[in-house]
Amino acid sequence: MEFYKFLGPWIFFCVCLSPTLLAGDGGPSRFDSDIVPILQKNCTVCHGGAKKKAGLALDAFKGDVAVVKDLRIWEKVLKRLRAREMPPEERPRLSGAEFQTLTQWIEAGLAQFDCNANKDPGRVTLRRLNRIEFKNTIRDLLGLECQLADEFPADDIGYGFDNIGDVMSLPPILMEKYLAAAEKLAAEALKKGSASAQRILACQSGEADKKACAREILGRLAERAFRRPVTEEEVGELARLAELAASEGESFEKGIELALEAVLVSPRFLFRIEVDPDPADPDLVHPINEWELATRLSYFLWSSMPDEELFAQARAETLRRNLEAQVARMLKDPKSGALVENFSGQWLGTRALKTFTPDRTLFPEFDEELRAAMRQETELFFEAVLREDRSLLDFIDADFTFANDRLARLYGIPGVQGSEFRRVPLPPEAQRGGVLTQASVLAVTSNPTRTSPVKRGKWVLEQILGAPPPPPPGEVPELSEKAEAVQSGSLRQRMEAHRANPSCAVCHLEMDAIGFGFENFNAVGAWRTRDGKFPIDPAGTLPGGRSFKGPAELKAILKGNSEAFSRCLAEKMLTYALGRGLEYYDKCHIDQIVAALARNSHRFSSLILGIVKTDAFQMRRGERGSK
Amino acid sequence: MIEFTLPRRTFLRGLGTALALPFLEAMLPARLFAGEVRKRFPRRLAFLYVPNGINMADWTPAAAGPLGRLPRILKPLDPFQADLLVLSGLTQDKARPNGDGPGDHARAAASFLTGCQAFKTHGADIRVGVSVDQVAARMIGGGIRFPSLELGCDRGMNSGNCDSGYSCAYSANISWKTESMPMAKETDPKAVFERLFGNGSRAEAAEGLSKRERQQKSVLDFVREDARRLQAKLGATDRRKLEQYFAAVREIEQRLDQAKAEAKKPDQDGGLPAQGRPAGIPKDYAEHMRLLCDLLALAFQADLTRVATFMLANEGSNRSYSMIGVSDGHHDLSHHGGNKEKQEKIHQINHFHIQQFAHLLSRLKEAKEGDGTVLDHCMIVYGSGIGDGNRHNHNDLPVLLAGRAGGTILPGRHLLYPKDTPLNNLFLSMLDRIDASTDKLGDSTGRLSQLFGPTRNF
């Protein structure tokens, strides 16, 4: 899902070096003249003839339409090339020219992807509630705090987020913890005389008719817990379970408790389930139903279950019609703090602050209070952009932030007293503004003892520009850390020497230039003008020739590239919203979101609305190769 | 004996006493080997993992043969020389790129106990292979309360990108129950304790057990039926996810049966001292590792499990070891580039981890079992899927094997294996020793020679 990013001005392999490679109207096919020789020389030995390694036969394609016709295959080829996985290390590498010719030819083909002819919403794998979603859902379903959830094993991460259906698994230990939590929660919810027990046990059928009452109570509970209407049969099953307890001499309430316990470990509660008319037909594209839409919305914006209003809209089938109003309402609700915490913490990587351990002798100012303050600043700032519906470009640079005394001292902002956070204006001389100069981000992209310009540069490419550099090739010599080298100059000088190696230079040129642009900020984010005895030189030039004198100008350049940033953020957030990795066809959804953003001054709300309006968010299809 | 700088937890000392000889010996023969004339103690397997490789110059003994002067990193293991094999020359080939490009850390952890090539993905279609501990759990876990135990100090990854295009699931887990399902690890000693020993005393638990157990079973019956009805409506990938649900329910049901069977035994109630419960995750990393080692040792001693894995840290961990004066990040340091100072720091980290391993061994050795100790009936592997962190090599891995596996291993030696001998060959030989023989595991090519002496194989 990175192909079109490289068409922007931020590409590593400068576009100006070679002309467009796809044949124009009536022109000669470049496939036979340019591409086939490269494939024959480097690829078809394994991926062709009778061998067809990994089931791939690259000698089976004809003409420039190859890419357009077999997009999925070529996209994979491009990924493997970019990641330097192919050709494998024991074979000769592609020359620079070969690499360029081949990748640009594939890119050009992929760019021809016709979004109108190929509507594909994709298919999300069953999503288990992650730990945070489980906790929030219990809070909203039963009004209870589930402390046991803190003991659930961590949810594994994929595509940068911890809510990806394909990645989340259900090992026995987690099931065991779900059971223990369900038992405890059900007992708490029905504790005699408690408010929650009264709410749950309320019954219009009249206390006398226990059977009808149980069905009413359980039907109501199950509908909310399963986030969809329940059938008579399902309610009947639950009621039977409750009766079982009664038949053992337990009270009516105890029976309900047992049924609630079952609800809380049911797969219909633990997983977000979306049903297809035919799960094995990939061509059968259909809108998800209103209940499923309500659920997608609420887990996207609240990391929790839908509220009564959303359920009511779903029941009346009016949610799609009122989508904009509902999204606005949901963003205003304090529950959208979950989006701030979960999305921003993972997008910006600031969750890692928790385990960030700078050297205390080098950075005596760092302590738990400062750690907390760093995190809070970023969350408050993200929240302000959300609540005030500001431009997303404020993330790159803004004239305000939030600080308390500790953070203000680190930043050198005068006049901030007390541990309370408040909004502070940032004049140009403050040298701050936007997430790139927030201590949280500067810290998590540093090593414990020093800054890491490479990590910072890589972070900007990945999280801001959406153009992650390929991993380093295996044979590259490490940055020399021998004593004589360390004595020989600042980190910057040593790294420049390292970059003299052409195989490093191609990526490091940009990565390091950006990273060094932020060298005025030390490993905990404080401003500095010297690195040991060497003065800081934050100036640099990006590939393509744009120069900057320091962080402020660098940010201005980044901000000027609003297209790349919008695209990057849209990709991250769409991934988070859908709970799946993006595929080649999602290019269409991203295009649509980015266009809407450009029309709406990059307002935060237009990003959210853009996402929920895509087919990817509102539709699904059957699975390929499912039969 | 070794000197421990940190005070041992008093509770565990108390607990260890409570679970000492009389408790175990009274129940072992009857419960485990009914009908067997010869008394045989259960054999156990554990695998401890450390990330980012080792400073091998300070790890590998100078020559093959009987251990004598241990290299610097291994010094804390001096008291256990007679229980220890240092295995050199083993390789985990599937941690190598083999065409998959960068990502050595993710592959190192994923392949360590599987000997399989991890499928390179950020998320969709996570796949590697079944790990040796899970093969063992499947074969010998029946009738044991916990077929396997998964422990670790790092909860999960805090940031998204773990290693060059590999999902974090690969770097954070070494135990894989199926090729697509990692076994999440427990990190909180308190939770581990309660899982192993319950909340109250056994007597208390037994009292309410039968009713509670019936109810739990009915809950599980209900949800299994529910899941079955649901499954019919789902696509293939979703059905596979739901399979995990069925498997988990099945395992819990077996545990309930097991608990019931145990409750019927009259001599079960040891009772656990109330002060025995750890408070949570200690702030101090050494204490955290030690508590988990203590619990692992207790679980083996009380025969609550016979198979365990323990990741001292996740692969690629950049943890700072300021508690031993190394404030740099571990991963950053491991790319030492030949810098002597950095190599020395790596050595310190390696040494620190080995101290914890020594602690585990001392626990297992203190626990008497029959004429010997629990350690005599164990096979404890300690190692990393990376050799030298700077080179990211996966041959000549650092691997230790402690214990005698009931007298089927002759320890006290440094064994040298031919270049590129698969690490999985060791695992095959270990499985033989717990009567769980199999012909093939991952990329194994046969059994590992010399474990029982210079000439005999077994």
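Start in chain A by selecting helix 25 and helix 26: helix 25 of chain A passes helix 26 of chain A in a right-handed crossing. Keep in mind throughout the tour that this is a predicted model.

**Stop 1: the helix pair in chain A**

Colour residues 586-599 for helix 25 of chain A and residues 604-613 for helix 26 of chain A; their axes come within 9 Å and cross at roughly 150 degrees. Angles over 145 degrees count as roughly antiparallel, so that is how helix 25 and helix 26 of chain A lie relative to each other.

Now show side chains where the two helices meet. On helix 25 of chain A, pick A:Gln592, A:Ile593, A:Ala596 and A:Leu597; facing them from helix 26 of chain A are A:Ser606, A:Leu607, A:Gly610 and A:Ile611. By class, this contact has five nonpolar, three polar and no charged residues.

**Stop 2: A:Phe604**

Stay with helix 26 of chain A and centre the view on A:Phe604, which is found in that helix. Is A:Phe604 buried or exposed? With 23 other C-beta atoms within 10 Å, A:Phe604 is buried, because 20 or more are enough to count as such.

Which residues does A:Phe604 touch, leaving aside those up to four places away in sequence? Select A:Val385, A:Leu386, A:Asp389, A:Arg390 and A:Leu392 to see them. Try a distance label between the C-alpha atoms of A:Phe604 and A:Leu392: they are 5.9 Å apart in space, although the two residues are 212 apart in sequence.

**Stop 3: where the chains meet**

Zoom out and bring in chain B. Here 70 residues of chain A are in contact with 69 residues of chain B. On the chain A side, highlight helix 6 (172-189), helix 9 (232-247), helix 10 (252-265) and helix 11 (267-270), each of which supplies at least two residues. Helix 6 of chain A gives the most, with six residues. Colouring the chain A side by class gives 33 nonpolar, 16 polar and 21 charged residues.

**Stop 4: chain B and its sheet**

Hide chain A and switch chain B to cartoon, where you will find 12 helices and 14 strands. Of the 458 residues of chain B, 54% count as buried. Among its contacts between residues at least 6 apart in sequence, 71% join residues at least 24 apart.

Next, trace the open sheet of eight strands in chain B, in the order 2-14-3-13-12-1-7-4 and with mixed pairing. Strand 2 (65-66) and strand 4 of chain B stand at the edges with a single partner strand each, so one side of each has no neighbour in the sheet.

At one edge, strand 2 of chain B pairs with strand 14 (residues 413-422) of chain B in the antiparallel sense over two bridges. Select B:Gly65 and you can find its bridge partner, B:His414, in strand 14 of chain B.

At the other edge, strand 4 of chain B pairs with strand 7 (residues 307-311) of chain B in the parallel sense, over four bridges. B:Leu151 stands opposite B:Phe310 of strand 7 of chain B. Show side chains along strand 4 (residues 149-152) of chain B: B:Leu149 and B:Leu151 point one way, B:Glu150 and B:Gly152 the other, and all are buried.

**Last stop: a helix across the strands**

Finish with helix 4 (residues 132-140) of chain B. This helix lies across strand 1 (44-49) and strand 7 of chain B, and runs at about 155 degrees to strand 7 of chain B.

Note on methods
Residues numbered from 1 in each chain as written. Chains lettered and ligands numbered in written order. Predicted model: local features only at pLDDT ≥ 70, side-chain atom pairs only at ≥ 80, totals over all residues. Contact = placed C-beta atoms within 7 Å. Nonpolar A, V, L, I, M, F, W, Y, C, P; charged D, E, K, R; others polar. Buried ≥ 20, exposed ≤ 12 C-beta atoms within 10 Å, placed from the backbone. Pairing = 2+ DSSP bridges. Axes fitted to C-alpha atoms, helices over the stretch in contact; angles between N-to-C directions. Parallel < 35°, antiparallel > 145°, perpendicular 65-115°, else oblique. Left-handed = near helix turned anticlockwise from the far one by under 90°.
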